[in-house]
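Colleague: I would like a close look at one part of this protein, with its surroundings described afterwards so that I can place it in the whole.

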Amino acid sequence: MDLLWGCCEDGTMLVSSLGYFSLLNVAQGPLFQTRANASCCGLNWNGNSKIMMMKSHSTTTFRWVFLVCFVCSIVGHEAVSHTCNPNDFLALKQFSADLTNGTIISSWNDDWNCCKWDGVVCEGTNDGSSASRVTMLILRQRGLKGPLSRSLGQLDQLQILDLSHNHLEGQLPAEFCNLKLLTYADLSYNMLSGSVLEAFAGLIKIHTLNISSNSFKGTLADFGLLLNIAVFNISNNSFSGHVTSSICSSDKIRTIDISMNHITGSLEGLRNCTSSLQQLHVDYNSLSGQLPDFIYSMHSLEQLSISGNIFYGQLSKDLSMLSRLNTLIISNNKFSGPIPNVFDKFTQLKQLVAHSNSFSGRLPSTLSLCSMLEVLDLRNNSFTGSINIEFTGLPNLSVLDLAFNYLNGTAPSSLSCCQKLKKLDLSQNELNGELPKTFANLTSLSFLYLSNNSFVGLSTAMTTLQQCKNLIILVLAKNFDGEKMPVNLTGFWSLRILALGNCALHGQIPAWLLNCQKLQVLDLSWNRLEGEIPAWIGQMESLFYFDFSTNSLSGEIPKSLAQLKSLIPPNSYSLDPSAYGGLPMYVRRNKSMSDRQFQEVSSFPPAIVLGNNKLNGTLFPEIGRLEWLHVLDLSRNNITGTIPDSVSNLQNLEVLDLSYNDLYGEIPASLNKLTFLARFSVAHNHLHGLIPTGGQFLSFPNSSFEGNPGLCGRLFSICNPAVNNTHVSSAESSASKRDVSDFSLAFLLSSSFFFALCFWLCFSSKRVGRMVRLFYFSIW
């Protein structure tokens with residue numbers, strides 16, 4: 001019997017005998033049979049077709065047919081699978097044509113089949129068409145710029161749309177509402193704006209909607225009834241109005257994030273979300289009132305964050321009903337009273353952040369049982385008493401912040417059991433005693449803040465902490481009152497910031513600091529340190545900020561400071577805030593910095609602050625090499641000489657304070673080039689000549705120049721050459737006058753001694769004395 005063998009491009013063979021066709025799979029046998037006409041791979045076959053049909057007369061022929069079919073299956077499958085629907089093709093082409101940047105613009109021009117395009121996924125349809133439809137468009141973080149095209153509304157089979165993390169702008173087109181099958185939409189982190197009222201009308205199948213971090217506006221009612229919504233994220237936009245019950249119209253709702261908008265009122269609209277809600281984020285709006293009781297009935301809640309609002313009142317003991325919580329963030333509100341001591345069943349709790357409220361009373365001791373706890377931040381409240389948490393039960397704790405409270409007693413030694421602890425902040429409390437020696441076991445500790453307490457035993461503390469090999473920031477300011485600066489220390493190899501200011505420490509600048517080659521910020525201000533500034537300071541390659549002000553340092557300013565590499569281009573002085581977690585610092589007292597509060601390490605300007613000491617010598621011209629310098633404060637010293645013209649090379653300078661010294665000469669006119677200079681003072685020196693005009697000098701008050709009789713211009717005396725010449729001679733000789741005065745005093749004393757000796761010798765001898773007396777009085 002003659003058989004007709006046909007090869008389909010998907011690896012099947014068409015067999016015809018006596019008017020019947022059988023479609024066989026080479027590997028699995030017959031799949032189906034049909035009469036007269038057959039179809040495979042989108043190709044129609046009939047009895048007269050000669051395409052890839054042949055009579056099989058032998059086994060050898062069959063083998064050749066098998067080989068041909070195998071090749072067809074490889075070559076042909078890719079050619080016919082997911083052929084792009086023409087309408088979808090045109091819609092995507094128009095979408096890309098409206099964009100001005102992004103990788104898809106060029107890549108989508110290489111192929112007519114849009115189903116092969118980057119970020120496009122197609123699926124077949126059941127309508128008998130050979131073309132597939134676009135069901136997914138995933139172009140996350142592709143650098144897309146421009147508006148969203150109206151043509152997207154023509155992709156009526158689209159189910160998943162992800163255009164997040166791009167630079168799309170403009171409004172959502174109204175045609176967006178034609179995407180009736182859309183279940184997932186992520187447009188977050190773009191620059192889209194306008195209303196969403198028309199775009200989302202009727203999208204009843206959507207279960208995940210994320211339009212966060214744009215500039216959309218409107219109200220929550222604009223979204224209508226989202227009957228199938230599970231994830232609703234509109235955070236970081238400009239929505240306003242009240243929380244409406246429409247966002248709880250779905251019994252599948254799991255996540256609501258409306259944080260960082262302008263929403264007002266209470267949380268009453270969420271009353272119907274109690275059964276299914278797992279995450280609720282309403283941070284940084286203008287919501288107010290007491291926390292509603294139904295919040296405590298959301299037994300499925302795993303994350304609750306309501307920070308940055310105006311909630312007030314006390315937390316209920318029903319907080320214990322939210323035992324599934326792993327994240328509880330209630331900071332920056334007006335809550336008061338104690339935090340309920342009900343955390344014994346919170347076995348999943350990882351973060352408790354309640355800072356910046358008015359909580360009072362004792363710390364909740366049941367936190368000792370939260371073995372999964374990683375972050376405990378209760379700073380800036382009014383907690384009292386000792387730190388009554390047993391830290392042996394918190395092996396996962398990585399951040400503990402109890403700063404700005406009224407806690408007393410000693411630092412708990414059980415903290416040494418927290419081997420994962422990276423940040424410890426106990427600053428601004430009433431703690432006392434010595435630092436536990438067991439803190440040497442905190443091998444992961446990177447950030448330690450203990451400032452503004454009454455700790456004692458600086459040498460012991462530093463000997464202990466030098467064993468913390470990963471310590472990056474160490475702030476011990478305003479402790480250890482009147483103690484001696486430690487001398488013999490090693491370690492601190494990783495230290496970037498050291499603050500030992502306002503401790504009234506005595507001694508000298510310690511040589512062990514030279515071992516801290518990664519040190520970038522050094523504050524030893526408001527102490528009683530003596531001696532000279534060591535020349536090796538210039539060898540600290542990473543140092544870009546140091547403050548030795550308000551001490552009793554003497555001698556000349558070492559010229560080696562001009563070798564600080566981090567202040568000399570092309571080197572960099574930068575501190576990466578992400579490397580330090582944006583950690584809070586401390587409030588400075590130095591007036592030269594305008595009582596600036598450094599809230600993160602990146603706030604430290606490149607600075608040399610040496611004011612209020614006993615330094616002398618001149619301001620050396622090499623100072624002009626430090627082009628990255630932002631602050632130079634040498635005020636209230638005994639510095640003499642002229643202001644070097646090279647100071648004008650400090651193009652980034654914001655503060656220049658040379659007041660209360662013995663400088664003479666003129667103010668260099670080239671200082672006009674310092675366009676960032678915001679604070680300037682040369683008051684109470686011996687300067688003369690014309691005050692520079694123009695540039696930033698127009699903004700400085702007269703107090704910046706007072707105490708220099710020789711200065712003229714502005715509101716000072718009119719410049720008179722004759723008068724100025726007098727001032728020139730007197731000002732330039734002011735330093736020598738002190739020397740002459742000192743010499744005169746010494747000469748007078750020595751002369752007086754000489755004459756006294758002579759008189760004693762002369763009058764002690766009668767004969768000689770008589771001759772001398774006759775001679776002495778004869779000259780008068």
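Leaving aside its neighbours within four places in sequence, which residues is M462 in contact with?

Modeller: Two remarks on the source come before the answer. This is a predicted model, in which local features need pLDDT of at least 70 and side-chain atom pairs count only at pLDDT 80 or more, while totals for chains, interfaces and linings use all residues. Residues are numbered from 1 along each chain as its sequence is written, and side-chain values use heavy atoms, with hydrogens and water left out.

With neighbours up to four places away set aside, M462 is in contact with L474, L476, P486, L489, F492 and W512, where contact means heavy atoms within 4.5 Å. M462 itself belongs to helix 4, residues 458–465; helices (H or I, at least four residues) and strands (E, at least two) are DSSP runs, numbered from the N terminus. M462 is buried, as its relative accessible area is 1%, and buried here means under 20% relative accessible area, exposed over 50%, and partly exposed in between, with a 1.4 Å probe and protein chains only. Looking back along the chain, K437 is 25 residues from M462, and the C-alpha atoms of these two residues are separated by 10.0 Å.

Strand 37, at residues 454–456, pairs in the parallel sense with strand 35 over 3 bridges, and within this pairing N432 stands opposite S454; two strands pair if DSSP finds at least two bridges between them. Strand 35 (residues 430–434) also pairs with strand 33 (residues 406–409), again in the parallel sense but over 2 bridges, with G409 opposite L431. Strands of a sheet pair through backbone hydrogen bonds, either parallel or antiparallel.

Parallel pairing also appears further along the chain. One open sheet of 4 strands has the order 40-42-44-46, and its edge strands, each pairing on one side only, are strand 40 (506–507) and strand 46 (614–616). Strand 44, residues 552–556, is joined to strand 46 by 3 bridges in the parallel sense, and G555 stands opposite L615 there. Another open sheet of 4 strands, also with parallel pairing, has the order 48-50-52-53, with strand 48 (640–641) and strand 53 (710–712) at its edges, each pairing on one side only. Here 2 bridges join strand 48 to strand 50, residues 662–665, and D662 is the bridge partner of T640.

For a second buried residue, consider T255 in strand 20, residues 255–257. T255 has a relative accessible area of 14% and is therefore buried, and, not counting residues up to four places away in sequence, T255 touches A230, V231, F232, L277 and Q279.

As for the whole protein, there are 8 helices and 53 strands, and buried residues make up 50% of the 780 residues. Among contacts with a separation of 6 or more, 50% are between residues 24 or more positions apart.
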